[in-house]
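Here are my notes for your read-through. Please keep the structure open as you go.

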2 protein chains.
Amino acid sequence: MLGIDQIELDNFQRLLPETELLLRAAVREKAVDRRQDILCQGDTPQVTHLLLSGHTFRYRLLANGRRQITAILVPGDLCDLEAAMLGRANYGVMTLTYCSLAEIPCKRIIEQSINDRALLRLLLRRQLRDEAITREWLVGLGQRTSVERLGHLFCELWVRLNAVGLATADSFEMRITQVELAEAMGITAVHLSRVLREMRGAGLIRLSGGTLTILNRTELERLSGFEANYLQVS
Amino acid sequence: MLGIDQIELDNFQRLLPETELLLRAAVREKAVDRRQDILCQGDTPQVTHLLLSGHTFRYRLLANGRRQITAILVPGDLCDLEAAMLGRANYGVMTLTYCSLAEIPCKRIIEQSINDRALLRLLLRRQLRDEAITREWLVGLGQRTSVERLGHLFCELWVRLNAVGLATADSFEMRITQVELAEAMGITAVHLSRVLREMRGAGLIRLSGGTLTILNRTELERLSGFEANYLQVS
DNA sequence: CGCACAGTTGACGCACATCAACCTGGGTGG
DNA sequence: CCACCCAGGTTGATGTGCGTCAACTGTGCG
């Protein structure tokens, strides 16, 4: 067991304090290049990953070749708890950027969660929040236009990144291609490009060099029907 | 404390054995008429509900008046764990039919889950499965046509109801209006009606008198890309 | 220089939305 | 017991958001 002491904490000093519980279960830190699978759909994983720096996403591949991105993960997030706990993965996880990940063996998290009530409570809370975010994406895909959906995503990411100290007052890093953004929004890359043009034209955002700037957050939140309460952890 | 002994078990004898843990925390059984809210969006709930018989659904109301149904719940399911644990509800839960519900005070489930590791593990597992279902709906809304989506829902409901002994070899009760089905599928009721006609015409299903019959399950699963593995609890 | 990848634009088509009329069966009250 | 009502469902006509296909541009890199 290595545990928290061996892990370089500089990149994520502002992660929530409770995250320490997870770090204690970790055995090592791993660096992964961008656009690498850290979990392949269909695999039986041996370790689960806590994201320390960089961004990843969950996705699901369909038989017809289409792909739906189901979550974007930021530092502090558990990438693949379900796969670890249930021993099967019907989704994959891939890095968007160069990432640092804490590896926690599935065995250990399962064994430890038999006795460690604090860990169990933490996992349950994380999982409740994770589903709240998934549900919000579902609502967007079902009822919001693509402009609203994209605006909503930008607002959500800003709040989540800001909570871990990775956003400025009006911007954050977002190294994602339009193809991937489109796969998250359930639209084509061609249409996404037009949606972005519209939002730029309306003076709502600027997106260049991997940085998204929200020029008018109040207006963007209003337009996309964003309410941050589902993101609160407590 | 009443607990499991006072609750009538006839209607749900085939619920998973572990559900007993939840029943022990319940204080009373409540009967609710159809189309009643058991949790209103925005409320701060005092109790959480375990569904014993009947069907309910979760929904989210948007500012523009639209509604997205985010889950359909069947006997054995926890209707509103997130609202209970986090103390706020940004979704509502409504009955589809006459329902019997076990009420568990939020206080008790929170207090009990501080010490009861078995309960915590159960809640975590339920929550993992709940998100797996939500994620599958999300994938459908993002990447599947409305025919595939509806077929997928029918396959899912059959598996879930069959698991608790509430389906025959090829049918189950489904007392839901087309407006509600449409709100779950993210389409209009008009279009849903046409989708149903198409599926009936293709000899895939029959829907009458609140009973859905799947005439060709193999074909329906193939057509909608259904794979049941995400529904397994273990 | 030339290739590969990401993004943009235009033309056209389709899945689904919208609006409106109409049908149907079960429940209610006179 | 019939007249009426009304929620739920069906159908047709027309509109639109987004998909598809294809060509083109910009940019970084070997």
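The points below take the chain interface, then the two DNA strands, then one helix.

1. Status of the model. This is a predicted model. Please read each distance and area below as a value computed from it.

2. Size of the chain A and chain B interface. The contact draws 46 residues from chain A and 46 residues from chain B. About 4600 Å² is buried between the two chains. Carbon and sulfur atoms give 58% of that area. On the chain A side, A:Arg135, A:Leu138 and A:Gln143 supply 16% of the area buried against chain B, more than any other three residues.

3. Polar links across the interface. How many salt bridges join chain A and chain B? The count is six. In one of them, A:Arg58 pairs with B:Glu131, and the closest N and O atoms are 3.9 Å apart. Polar contacts link 22 residue pairs across the interface of chain A and chain B, both residues being at pLDDT 80 or more.

4. What chain A brings to chain B. The elements giving two or more residues to this side are β4, β5, α2 (81-86), α3 (106-115) and α4 of chain A. Of these, α4(A) gives the most, with 20 residues. By class, the side of chain A that touches chain B has 18 nonpolar, 13 polar and 15 charged residues.

5. DNA strand C, surroundings. The strand has 16 residues around it. The closest are A:Gln178, A:Ser193, A:Arg197, B:Ser146 and B:Thr188, so both chains are represented in that list. Sugar or phosphate accounts for 73% of the strand C atoms within 4 Å of the protein, and bases make up the rest.

6. DNA strand C, specific pairs. Two phosphate pairs involve chain B. The side chain of B:Thr188 places an N or O atom 3.0 Å from a phosphate oxygen. For B:His191 the corresponding distance to a phosphate oxygen is 3.3 Å. B:Arg194 instead pairs with a base oxygen, at 3.2 Å. The elements that give two or more residues to this surface are α7 of chain A together with α7 of chain B. The largest share, five residues, comes from α7(A). The surface near strand C divides into three nonpolar, eight polar and five charged residues.

7. DNA strand D, surroundings. Here, too, there are 16 residues around the strand. A:Ser146, A:Thr188, B:Gln178, B:Ser193 and B:Arg197 come nearest. Sugar and phosphate make up 76% of the strand D atoms that come within 4 Å of the protein. The surface has three nonpolar, eight polar and five charged residues.

8. DNA strand D, specific pairs. A:Ser146 has a side-chain N or O atom 3.0 Å from a phosphate oxygen. B:Ser193 also reaches a phosphate oxygen, at 3.0 Å. A:Arg194 pairs with a base oxygen at 3.3 Å. Helix α7 (189-201) of chain A and α7 (189-201) of chain B each supply at least two residues of this surface. Which helix gives the most? That is α7(B), with five residues.

9. Helix α6 of chain A. Why is this helix largely enclosed by the rest of the structure? Six of its eight residues (178-185) are buried. They are A:Glu180, A:Leu181, A:Ala182, A:Glu183, A:Ala184 and A:Met185. Their cover includes β4 (56-61), β5 (67-73), α4 (117-143), α5 (146-163) and α7 of chain A, together with α4 (117-143) of chain B. Just after the helix, A:Gly186 takes a positive phi of about 75 degrees.

Note on methods: Residues numbered from 1 in each chain as written. Chains lettered and ligands numbered in written order. Predicted model: local features only at pLDDT ≥ 70, side-chain atom pairs only at ≥ 80, totals over all residues. Heavy atoms only, no water. Polar contact = N/O pair within 3.5 Å; in protein donor to acceptor, adjacent residues only side chain to side chain. Helix = DSSP H or I, 4+ residues; strand = E, 2+ residues; numbered from the N terminus. Nonpolar A, V, L, I, M, F, W, Y, C, P; charged D, E, K, R; others polar. Buried < 20%, exposed > 50% of the residue type's maximum accessible area, 1.4 Å probe, protein only. Contact = heavy atoms within 4.5 Å. Buried area = accessible area lost by both parts, 1.4 Å probe. Salt bridge = Lys/Arg side-chain N within 4 Å of Asp/Glu carboxyl O.
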